[in-house]
Amino acid sequence: MEKRTGRICCATGKKEPVKYSVAPVSKEKTPKIPKLKGWPLSEKQIEQILAKEEHLRKEIEIKDGVSITFVRIPAGKFIMGNNKGYPNESPASVVEIKKSFWMAEKELTNEQYNALVPEHDSRIYAQFWKDHTTPGYPANKPRQPVIRVSYQEAIRYCEQLSALIGLKVNLPTEAQWEWACRAGQETDFWYGDMTTDFGKYENLADVQLEKMAVTGIDPQPMPKDDPWCIYYNYLPKIESVDDGLMIPSGEYTYEKNPFRLLNMHGNLAEWTRSVYLPYPYKEQDSRLLSPKHVVARGGAWIYRPKSATDTLRNAYLPLQKVNNVGIRLILED
């Protein structure tokens with residue numbers, strides 16, 4: 001298609017026509033979702049699959065009084081990715097988890113991490129106000145999930161723990177993580193879709209985030225009629241949902257997914273050991289390639305559901321230490 005407009009010639013001062021072309025906008029078709037017989041899995045099928053496993057829980061002691069609980073995740077095939085989500089989640093493809101493995105039912109806590117790395121401090125979650133007697137809400141309580149641990153440090157922790165207990169401790173691959181998170185479901189969340197009330201399932205961005213806006217020298221949550229509230233209560237959230245927690249906590253009241261895992265979609269995103277690469281998925285171990293970016297999976301306490309689906313992928317530098325990414329360990333046979 002060709003259009004005409006005008007310009008003023010510097011030499012003559014007269015208006016002259018100018019031609020330019022407008023390229024047609026191409027409309028790429030959404031890739032077709034592959035078909036996989038037997039997928040998704042029903043609740044009964046999951047029970048039958050788990051019944052074939054010899055043991056379903058394993059307790060690993062790190063030191064006196066400090067242990068990690070793992071649950072058995074079976075092998076299987078599923079459709080990984082999402083052709084209707086963010087571009088880096090597409091195209092979806094059939095992926096096979098060839099071996100069963102163990103996955104921690106919860107994210108690694110400060111107490112568990114400090115057992116091997118005593119100098120680490122997860123510090124605080126910031127409050128939104130200017131006058132503080134304390135720097136913010138604590139993030140370093142023993143049972144809170146550990147944060148501000150880089151991918152490189154997470155891998156070192158896995159190596160230390162492996163040497164200590166004589167088992168192969170690792171971070172999950174992207175495929176292992178998504179298979180465990182989905183727990184047999186093809187929806188955006190193991191418990192439903194984008195409109196499902198997540199309050200009893202996950203710690204995501206809900207009405208509790210209003211408490212981040214505080215006031216006073218000894219800061220307390222702002223009343224909604226405070227004239228400053230509109231300036232500090234700015235985090236996007238789903239105000240119709242109350243999941244009971246404002247920040248990540250060690251106290252869990254949420255329901256477990258069918259594989260008996262807690263907070264896969266919320267609380268914190270979680271490191272994987274996979275290189276950040278375009279789909280279709282092909283496993284590349286970050287430790288072998290020294291990649292520019294590695295993948296963290298899942299949502300966090302400040303994410304709305306659209307940014308916490310089972311296919312969401314985030315890329316981070318291996319040395320980054322952020323306050324919304326934690327660690328969920330696996331044990332490999």
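**Exercise 1.** In this predicted model, find where along the chain the salt-bridge partners Glu 178 and Arg 297 sit, and decide whether each is buried or exposed.

*Solution.*
- Step 1: Begin with the contact itself. The side chains of Glu 178 and Arg 297 form a salt bridge, with 2.7 Å from N to O.
- Step 2: Place the partners. Glu 178 belongs to helix 4, while Arg 297 lies in strand 14 (residues 294-297), so this pair joins distant parts of the chain, 119 residues apart.
- Step 3: Check the accessibility. Glu 178 has a relative accessibility of 0% and counts as buried. Arg 297 is also at 0%, and because buried means under 20%, Arg 297 is buried as well.
- Step 4: Look around the pair. Glu 178 and Arg 297 are part of a network of salt bridges that also links Glu 174, Arg 182, Asp 310 and Arg 313.

**Exercise 2.** Now take the salt bridge between Arg 72 and Asp 333, and work out which class of accessibility each partner falls into.

*Solution.*
- Step 1: The two side chains meet at 2.7 Å, N to O.
- Step 2: Arg 72 is in strand 4 (residues 66-73) and Asp 333 is in the segment after strand 17 (330-332), with their positions 261 residues apart.
- Step 3: Arg 72 has a relative accessible area of 10% and is buried, whereas Asp 333, at 65%, is exposed.

**Exercise 3.** Do the like for Lys 256 and Glu 105: how far apart are their closest N and O atoms, and how accessible is each residue?

*Solution.*
- Step 1: The closest N and O atoms of this salt bridge are 3.5 Å apart.
- Step 2: Both partners are in loops: Lys 256 between helix 5 (229-232) and strand 13 (269-275), Glu 105 between strand 7 (101-104) and helix 2 (110-114), which puts them 151 residues apart.
- Step 3: Lys 256 is partly exposed at 38%, but Glu 105 is buried at 9%.
- Step 4: To set these pairs in context, the structure holds 15 salt bridges.

**Exercise 4.** Describe the largest pocket: what is its volume, and which residues line it?

*Solution.*
- Step 1: The largest pocket has about 380 Å³ of space.
- Step 2: Its lining has 16 residues, and those closest to the centre are Lys 98, Lys 99, Gln 176, Arg 273 and Glu 332.
- Step 3: Strand 6 (93-97) and helix 4 (174-182) are the elements that give two or more residues to this lining.
- Step 4: Sort the lining by type, and you get nine charged, four nonpolar and three polar residues.

Key
Residues are numbered from 1 along each chain as its sequence is written. This is a predicted model: local features need pLDDT of at least 70, side-chain atom pairs count only at pLDDT 80 or more; totals for chains, interfaces and linings use all residues. Side-chain values use heavy atoms; hydrogens and water are left out. On a 1 Å grid over the protein atoms alone, a cavity is a set of points where a 1.4 Å probe fits but cannot get out, and a pocket is an open set with protein on both sides within 12 Å along at least five of seven lines; lining residues have an atom within 4 Å of a point. Grid points are joined across faces, edges and corners, and a volume is the space filled by probe spheres set on the points. Helices (H or I, at least four residues) and strands (E, at least two) are DSSP runs, numbered from the N terminus. Ala, Val, Leu, Ile, Met, Phe, Trp, Tyr, Cys and Pro count as nonpolar, Asp, Glu, Lys and Arg as charged, and the others, Gly among them, as polar. A salt bridge is a side-chain nitrogen of Lys or Arg within 4 Å of a carboxyl oxygen of Asp or Glu. Buried means under 20% relative accessible area, exposed over 50%, partly exposed in between (1.4 Å probe, protein chains only).
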